[in-house]
Amino acid sequence: ILKIENQNPIIFIYAHVFRDSPHISTKMLYKDYYEWLVETLTYANKIKGINWVVKEHPSSEKIYNEKGVVLKILKEYKFSNILLCPSDLNTNCINKVADAVVTCQGTIGIECSCEGIPVVVCGNAFYAGFGFTIEAHSKKQYKKILEDLKYVKKLDKNQVRKAKIVYG
């Protein structure tokens with residue numbers, strides 16, 4: 001579906017609903033979700049050796065009337081190293097294709113952690129700080145984390161167990 005024909009890691013970047021305020025965190029690296037996504041895509045676009053796939057939030061169209069915002073960003077900035085995830089790709093199959101997931105602080109992070117998928121967060125997500133997420137505490141550190149995702153390994157059994165406990 002994604003037409004990826006190489007063995008490079010596949011990293012999903014999960015967009016948030018842009019109209020939503022970052023109300024579940026007081027410690028985000030960015031002022032809002034839009035700035036976070038644009039800067040994340042800008043960093044990722046420069047990193048070769050990774051298949052970057054950005055996924056629009058599933059509620060963007062139905063609830064918030066934001067369909068196509070991610071595509072508009074991709075076209076406006078002319079990102080050449082970022083793929084747009086088809087809207088019909090179900091999150092339930094991400095564990096079969098994703099080597100890691102990047103989110104500001106979305107619930108996709110805890111869901112993927114429970115599946116053993118490493119998750120990068122750059123906000124104080126409710127599930128951060130338990131030893132199973134990759135957490136950025138500065139923009140400089142965040143860029144380095146994104147660069148190093150080409151070497152990312154799946155979560156170990158203990159990390160998955162912790163994620164499931166936190167999720168529960």
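This report describes one strand, the nonpolar cores, the aromatic pairs and the cysteines of a predicted model.

**Strand β1 and its neighbours**

Strand β1 covers residues 10–14, and five of its five residues are buried. The strand is covered on both faces: I10, F12 and Y14 point to one side, I11 and I13 to the other, and all of them are buried.

Two other strands pair with β1. Strand β2, made of residues 51–55, runs parallel to β1 and is joined to it by five bridges. Within this pairing, F12 stands opposite V53 of β2. Strand β4, made of residues 100–103, also runs parallel to β1, and here three bridges make the connection. The bridge partner of I13 in β4 is V102.

**The nonpolar cores**

Which residues have the most contacts inside the largest nonpolar core? They are W52 and Y142, in a core of 32 residues. Two or more residues of this core come from each of β1, α1 (33–45), β2, α2 (69–77), β4 and α5 (139–148). Helix α1 gives the most, with seven residues.

The surroundings of W52 can be listed. Leaving aside residues up to four places away in sequence, W52 touches I11, I13, A44, I47, N81, I82, L83, L146 and L149. Two of these names, I11 and I13, have already appeared as buried residues on one side of β1.

A second core lies apart from the largest one; this other core has 24 residues, among them L89, A125, A128 and A163.

**Aromatic pairs**

A pair of aromatic rings is described by the distance of the centres and the angle of the planes. The whole structure holds six aromatic pairs. Two of them are set out here.

| Pair | Distance of centres | Angle of planes | Kind |
|---|---|---|---|
| Y30 and Y142 | 6.2 Å | 65° | edge-to-face |
| F126 and Y127 | 5.1 Å | 90° | edge-to-face |

Why is the pair of Y30 and Y142 called edge-to-face? Its planes stand at 65°, and an angle over 60 degrees counts as edge-to-face. The pair of F126 and Y127 gets its name because its planes are at 90°.

The pair of Y30 and Y142 links distant parts of the chain, since Y30 sits in the loop between β1 and α1, Y142 sits in helix α5, and 112 residues separate them. Y30 is buried, at 3% relative accessibility. Y142 is buried too, with a relative accessible area of 0%. Together with Y43, these residues form one aromatic cluster.

In the other pair, F126 is partly exposed, with a relative accessible area of 46%. Y127 counts as buried, at 0% relative accessibility.

**Cysteines**

How many disulfides are there? The count is zero. C93 is in no disulfide, and the nearest cysteine sulfur, that of C85, is 7.9 Å away. Two sulfur atoms would have to lie within 2.5 Å to count as a disulfide. C93 is partly exposed, as its relative accessible area is 23%.

C112 gives a similar picture for bonding. The closest cysteine sulfur to that of C112 belongs to C114, and because the gap is 9.2 Å, it is too far for a bond. C112 is buried, at 4% relative accessibility.

How values were computed: Residues are numbered from 1 along each chain as its sequence is written. This is a predicted model: local features need pLDDT of at least 70, side-chain atom pairs count only at pLDDT 80 or more; totals for chains, interfaces and linings use all residues. Side-chain values use heavy atoms; hydrogens and water are left out. Buried means under 20% relative accessible area, exposed over 50%, partly exposed in between (1.4 Å probe, protein chains only). Helices (H or I, at least four residues) and strands (E, at least two) are DSSP runs, numbered from the N terminus. Two strands pair if DSSP finds at least two bridges between them. A nonpolar core is a set of buried Ala, Val, Leu, Ile, Met, Phe, Trp, Tyr and Cys residues joined through side-chain atoms within 4.5 Å. Contact means heavy atoms within 4.5 Å. Rings of Phe, Tyr and Trp (its six-membered ring) pair if their centres lie within 6.5 Å; planes under 30 degrees apart count as stacked, over 60 as edge-to-face and the rest as tilted.
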